[in-house]
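Reader: I would like to go through this structure feature by feature. For each one, please give the general idea, then the case at hand.

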Amino acid sequence: MHVAITGAELLTCHGGTDTTFAALTKGVDGSQGLRFYDTDRINVTRGYHVDDSADAESEPPLRAGRWLARCVLGAVRQAGVDPAAERVSVIVGTGLRELRAMERWAVDGVPVRRRDLHFTTAIREVLPEVTEVITVSNACSASGHALALAQDLLAAGEADAVVAAGCDAMSESMLTMIGRVADAPTPALRPFQEGRAGVLLGEGAVAVVLRRAADAGPGALATVLATGLSCDAHHETAPDVGGIVAAMRDAHRRAGVSPHDIGLVLAHGTGTALNDPTEAAALDTVFAGAAPGPLVTGIKGAIGHTSGSAALMSLLVAAEAMRSGSVPATVGLAEPIEAAAGLRLVVGEPAPCDARVAQVNAFGFGGVNAVSVIGVDR
């Protein structure tokens with residue numbers, strides 16, 4: 001069943017929705033020197049911070065939940081939804097939940113209430129009358145899985161409106177993990193770039209309000225045609241072409257589209273040694289025979305890898321690109337890898353776009369993949 005996006009808000013290192021879109025259009029790399037952490041010890045020196053602290057040395061508590069609440073409230077207000085009068089569910093996709101709060105509790109003795117580690121508390125502080133708050137932790141495709149579950153709730157008649165959301169804040173554990181697989185600190189996140197050095201973390205939150213398309217009325221930001229999922233369990237961290245292809249084809253089948261119908265792809269594009277050639281191979285496989293193929297871009301060079309938020313952030317950028325007729329270039333990309341030679345990557349400057357259907361890729365550790373297909377009216 002098609003569902004309409006009637007409200008949306010996001011928060012990244014560039015700020016809110018409008019300032020983030022503007023930064024993407026200008027090709028701004030939002031990374032900065034890493035704050036709050038011993039960079040020599042973790043072998044990571046840069047990241048894409050949300051600037052919400054009073055000073056560079058002060059790290060506010062429970063950041064992910066506060067960003068999430070801000071975005072959910074903003075999206076609900078934009079959509080004109082009243083949780084007191086309708087059944088409104090909230091589904092949050094996250095990779096890390098409030099892991100940073102647990103780290104600070106264990107290492108620094110900063111107290112935290114256990115109930116604050118679940119996002120129900122943060123959401124009900126701003127929207128106390130929502131029907132339920134559900135958290136799913138599906139790694140870096142988490143908000144794509146939240147979107148799929150939201151579609152299912154609406155299709156089953158279990159809700160009048162659903163907020164699908166994502167959020168994550170950096171944590172020392174995650175930073176240490178990416179630092180251990182790099183010989184030297186990664187200077188920049190450069191998706192599909194020859195000689196790329198690896199991933200850098202972003203952070204933030206995103207929320208979209210969904211209604212059944214038949215009930216939404218005019219003015220929807222976009223229509224979610226379908227979300228395809230796969231869990232290939234190929235490897236703990238390495239992506240698998242077959243698993244990714246399965247998610248893409250599942251999305252196309254559910255949406256009732258063919259590869260020829262898709263004019264834009266928002267790539268997962270992490271700038272890692274494994275993701276980028278694997279994703280390129282999957283796109284080559286799915287779009288073989290659909291020449292010239294869709295435009296392909298990615299946003300992580302501008303906002304970092306935002307973990308559980310990544311899928312929905314890319315989805316909103318895809319919708320804005322189609323509405324505006326301009327696709328932002330992939331920040332950090334100048335010389336594409338050979339494996340991506342068959343893709344129409346957007347390099348250097350924004351590209352004109354008349355697409356009305358886009359595909360959004362999100363892949364997570366363990367082979368949990370989510371691919372969404374969205375459409376806009378222009």
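**Cavities, salt bridges and backbone**

Author: The structure, a predicted model, holds two cavities of 30 Å³ or more.

Reader: What volume does the largest cavity have, and which residues line it?

Author: The volume of the largest cavity is about 40 Å³. Its lining is made up of Ser-143, Gly-144, Leu-147, Ala-311, Leu-312, Leu-315, Val-360, Ala-362, Ala-370 and Ser-372. Two or more of these residues come from each of helix H6 (142-155), helix H12 (310-324), strand S14 (357-364) and strand S15 (368-375).

Reader: How many residues of that lining are nonpolar, polar and charged?

Author: Seven are nonpolar and three are polar, with no charged residue in the lining of the largest cavity.

Reader: Which residues line the second largest cavity?

Author: The second largest cavity encloses about 30 Å³, and its lining consists of Ile-299, Lys-300, Ile-303, Gly-304, Thr-306, Ala-310, Met-313 and Ser-314. Helix H11 (300-303) and H12 each supply at least two of the lining residues. H12 gives the most, with three residues. By class, this lining has four nonpolar, three polar and one charged residues.

Reader: Now the salt bridges. How many are counted?

Author: The idea is to look for a side-chain nitrogen of Lys or Arg within 4 Å of a carboxyl oxygen of Asp or Glu. By this rule the count is 19 salt bridges. One of them joins the side chains of Glu-203 and Arg-63, at 3.2 Å from N to O.

Reader: Where do Glu-203 and Arg-63 lie along the chain?

Author: Glu-203 is in the loop between H7 and strand S7 (204-212), while Arg-63 is in helix H3 (residues 63-79), so the pair ties together parts that are 140 residues apart in sequence. Both Glu-203 and Arg-63 are buried.

Reader: Which residue is the salt-bridge partner of Arg-196?

Author: The partner is Asp-276, at 3.5 Å from N to O. Arg-196 lies in the loop between H7 and S7 and Asp-276 in helix H10 (residues 275-286), so this pair links parts that are 80 residues apart in sequence. Arg-196 and Asp-276 are both buried.

Reader: How should I read a salt bridge within one helix?

Author: Start from the helix geometry: an α-helix has 3.6 residues a turn, so residues three or four places apart point the same way. Here, Asp-250 and Arg-253 form a salt bridge at 2.7 Å, N to O. Both lie in helix H9 (residues 241-255), three residues apart, about one turn of the helix.

Reader: Is Asp-250 buried or exposed, and is Arg-253 buried or exposed?

Author: Asp-250 is buried, with a relative accessible area of 14%, whereas Arg-253 is exposed, at 58%.

Reader: Which residues are linked in a network of salt bridges?

Author: The network links Arg-41, Glu-59, Arg-100, Glu-103, Arg-104 and Glu-172. Glu-172 is also among the buried residues of helix H7 (residues 172-180), along with Met-174, Leu-175, Thr-176, Ile-178 and Gly-179.

Reader: Which helices do the buried residues of H7 pack against?

Author: They pack against helix H2 (39-42) and helix H4 (99-108).

Reader: How many disulfides are found?

Author: A disulfide calls for two cysteine sulfur atoms within 2.5 Å. The search of the whole structure finds zero. For Cys-167, the closest cysteine sulfur is that of Cys-71, 8.9 Å away, which is too far for a bond. Cys-167 is buried, at 0% relative accessibility. Cys-353 is also buried, with a relative accessible area of 6%.

Reader: That leaves the backbone. Where is there a cis peptide bond?

Author: A peptide bond is read by its omega angle. The cis bond joins Ala-291 and Pro-292, with omega about 5 degrees. Pro-292 is in the loop between H10 and strand S10 (295-297).

Reader: Which phi value does Phe-36 have, and which does Arg-97 have?

Author: For Phe-36, phi is near 75 degrees, a positive value in a residue other than glycine. Phe-36 sits in the loop between strand S2 (32-33) and H2, and counts as partly exposed at 21% relative accessibility. For Arg-97, phi is near 50 degrees, again positive in a residue other than glycine. Arg-97 belongs to the loop between strand S4 (88-93) and H4. At 33% relative accessibility, Arg-97 is partly exposed.

Note on methods
Residues are numbered from 1 along each chain as its sequence is written. This is a predicted model: local features need pLDDT of at least 70, side-chain atom pairs count only at pLDDT 80 or more; totals for chains, interfaces and linings use all residues. Side-chain values use heavy atoms; hydrogens and water are left out. Buried means under 20% relative accessible area, exposed over 50%, partly exposed in between (1.4 Å probe, protein chains only). Helices (H or I, at least four residues) and strands (E, at least two) are DSSP runs, numbered from the N terminus. Contact means heavy atoms within 4.5 Å. On a 1 Å grid over the protein atoms alone, a cavity is a set of points where a 1.4 Å probe fits but cannot get out, and a pocket is an open set with protein on both sides within 12 Å along at least five of seven lines; lining residues have an atom within 4 Å of a point. Grid points are joined across faces, edges and corners, and a volume is the space filled by probe spheres set on the points. Ala, Val, Leu, Ile, Met, Phe, Trp, Tyr, Cys and Pro count as nonpolar, Asp, Glu, Lys and Arg as charged, and the others, Gly among them, as polar.
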